[in-house]
Amino acid sequence: MHIRFTKMQGAGNDFVVLDETRGPLGLSHAQYRWLADRHFGVGADQILSVRPSPGPGLDFEYLIHNADGGEVEHCGNGARCFVRYVHDKGLTTLNPVRVKVKQGEISLALNHDGRVTVDMGAPVFALERVPFDASGLVSTTMGNVERWPLALPDGDEALVCVLSMGNPHAVQLVDNVDTAPVLVQGPQIEWHPRFPARVNAGFLQIVNRGQVRLRVYERGAGETLACGTGACAAVVTGIRLGLLDAKVDVHTHGGVLTIEWVDTPAHDAPVFMTGPATTVFEGEIDVPDLD
Ligand SMILES: N[C@@H](CCC[C@H](N)C(=O)O)C(=O)O
């Protein structure tokens with residue numbers, strides 16, 4: 001199959017974006033994996049497939065596949081690239097754009113400064129909705145959030161806060177992201193049996209009440225230069241731990257994301273994320289037949 005694609009990045013989290021507004025390309029999971037492969041395909045952390053509106057009140061839908069081929073619910077950096085894409089391609093002039101992703105519906109706006117702001121929806125803390133199996137575990141409370149001791153296969157323990165931003169996250173505090181065991185603990189947390197849908201593992205360093213540093217070992221993609229939903233999850237966690245204010249700059253290896261969240265008694269206010277979204281190049285490629 002011969003396809004056209006656009007390569008994009010948001011804070012260094014990179015995407016192959018496919019136009020499926022005239023009909024699905026019908027790619028298999030193996031073909032998504034091949035496209036994401038940095039040696040044999042194009043190379044990307046995620047593949048975004050842009051589709052027409054699925055119904056009233058919505059302008060588009062897009063699908064997200066991780067580099068391992070699995071379909072996922074939500075992608076913050078991808079959301080910003082999506083809205084840049086539909087505007088640059090002349091697929092819409094609407095601003096904001098309302099879009100359906102697997103997680104639900106989100107709204108995205110292009111700002112005058114070229115950055116994009118996304119209403120990422122509300123975080124979810126109910127353990128069964130993350131999902132996280134806490135049976136038999138004893139948590140400790142810090143601020144107004146629980147921290148769970150996760151016994152790792154190599155004998156280490158990670159103290160994680162768990163939540164969903166539409167996709168699952170486990171966030172732990174570290175003294176310094178440069179020396180944090182991201183590549184050692186990341187895969188062990190991602191595949192930990194207490195997370196039946198696997199999980200994105202965040203390593204959060206608090207710099208001050210308005211600045212953090214973050215590394216994320218992503219489910220299905222490994223460590224990426226930035227993770228948008230991971231940044232939202234980390235800031236929400238930091239706020240509930242009592243360590244952060246309502247507006248925080250998240251410094252990642254790929255750039256800065258600004259996250260805003262006002263906690264309420266029900267903890268159900270939406271999280272807003274602002275950051276860059278850039279087209280890198282356009283291309284065409286023959287995708288091999290793969291099941
Ligand atoms: N890079 C993304 C998140 C992509 C999905 C994630 N790896 C998952 O499996 O949930 C972001 O910017 O949020």
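This section describes the shell around the ligand, the annotated positions and one helix in a predicted model.

The ligand is surrounded by 19 residues, and the closest are N77, N167, R219, G228 and T229. Two elements, α2 (76-88) and α4 (228-240), each give two or more residues to this shell. The largest contribution is that of α2, with three residues. Sorted by class, the shell holds twelve polar, four nonpolar and three charged residues. Residues of the shell come both from domain 1 (2-118 + 277-286) and from domain 2 (127-269), so the ligand lies between the two domains.

The UniProt record, an unreviewed entry, lists C75 and C227 under "active site". These two positions span 153 residues in sequence, but their C-alpha atoms are no more than 7.8 Å apart, so they gather at one spot. C75 is located in the loop between β5 (71-72) and α2. It counts as buried because 31 C-beta neighbours lie inside 10 Å, the threshold being 20 or more. Apart from neighbours within four places in sequence, C75 is in contact with Q46, I64, G228 and T229. Of these, G228 and T229 are also among the residues closest to the ligand.

C227 occupies a loop as well, between β15 (222-224) and α4. With 34 other C-beta atoms within 10 Å, C227 is likewise buried. When neighbours within four places in sequence are left aside, the contacts of C227 are N13, N200, V216 and E218.

Under "binding site", the same unreviewed UniProt entry lists N13, Q46, N66, G76, N77, N167, N200, E218, R219, G228 and T229. This list includes N77, N167, R219, G228 and T229, which are the residues closest to the ligand in the model. It also includes N13, N200 and E218, each of which is in contact with C227. Q46, another listed position, is in contact with C75.

Two of the listed positions, N66 and E218, can be described further. N66 is part of strand β4 and is classed as buried because it has 24 C-beta neighbours inside 10 Å. Beyond residues up to four places away in sequence, N66 touches Q46, V72, R219, G220 and A221. Q46 and R219 are themselves on the "binding site" list. E218 belongs to strand β14 (residues 211-218). The count for E218 is 28 other C-beta atoms within 10 Å, and therefore this residue is buried. Not counting residues up to four places away in sequence, E218 touches D45, N200, T224 and C227. C227 is one of the "active site" positions in the record, and N200 is listed there under "binding site".

N144 provides a contrast in burial. It is situated in the loop between β9 (140-142) and β10 (145-151). Only 11 other C-beta atoms lie within 10 Å of N144, so it is exposed. N144 is separated from N13 by 131 residues in sequence and by 31 Å in space, taken from C-alpha to C-alpha.

Helix α1 (residues 29-36) was examined for its packing. Its buried residues are Q31, Y32, R33, L35 and A36. They pack against three strands, namely β2 (13-19), β3 (46-52) and β4 (60-66). Strand β4 is also the element that holds N66.

Notes:
Residues are numbered from 1 along each chain as its sequence is written. This is a predicted model: local features need pLDDT of at least 70, side-chain atom pairs count only at pLDDT 80 or more; totals for chains, interfaces and linings use all residues. A residue is buried if 20 or more other C-beta atoms lie within 10 Å of its own, exposed if 12 or fewer, and partly exposed in between; C-beta atoms are placed from the backbone. Helices (H or I, at least four residues) and strands (E, at least two) are DSSP runs, numbered from the N terminus. Two residues are in contact if their C-beta atoms, placed from the backbone, lie within 7 Å. A residue is near a molecule or strand if its C-beta atom, placed from the backbone, lies within 6 Å of it. Ala, Val, Leu, Ile, Met, Phe, Trp, Tyr, Cys and Pro count as nonpolar, Asp, Glu, Lys and Arg as charged, and the others, Gly among them, as polar. Domain bounds come from an automatic or database domain assignment. UniProt positions are given in the numbering used here, feature names are shortened, and annotations may be inferred rather than shown by experiment.
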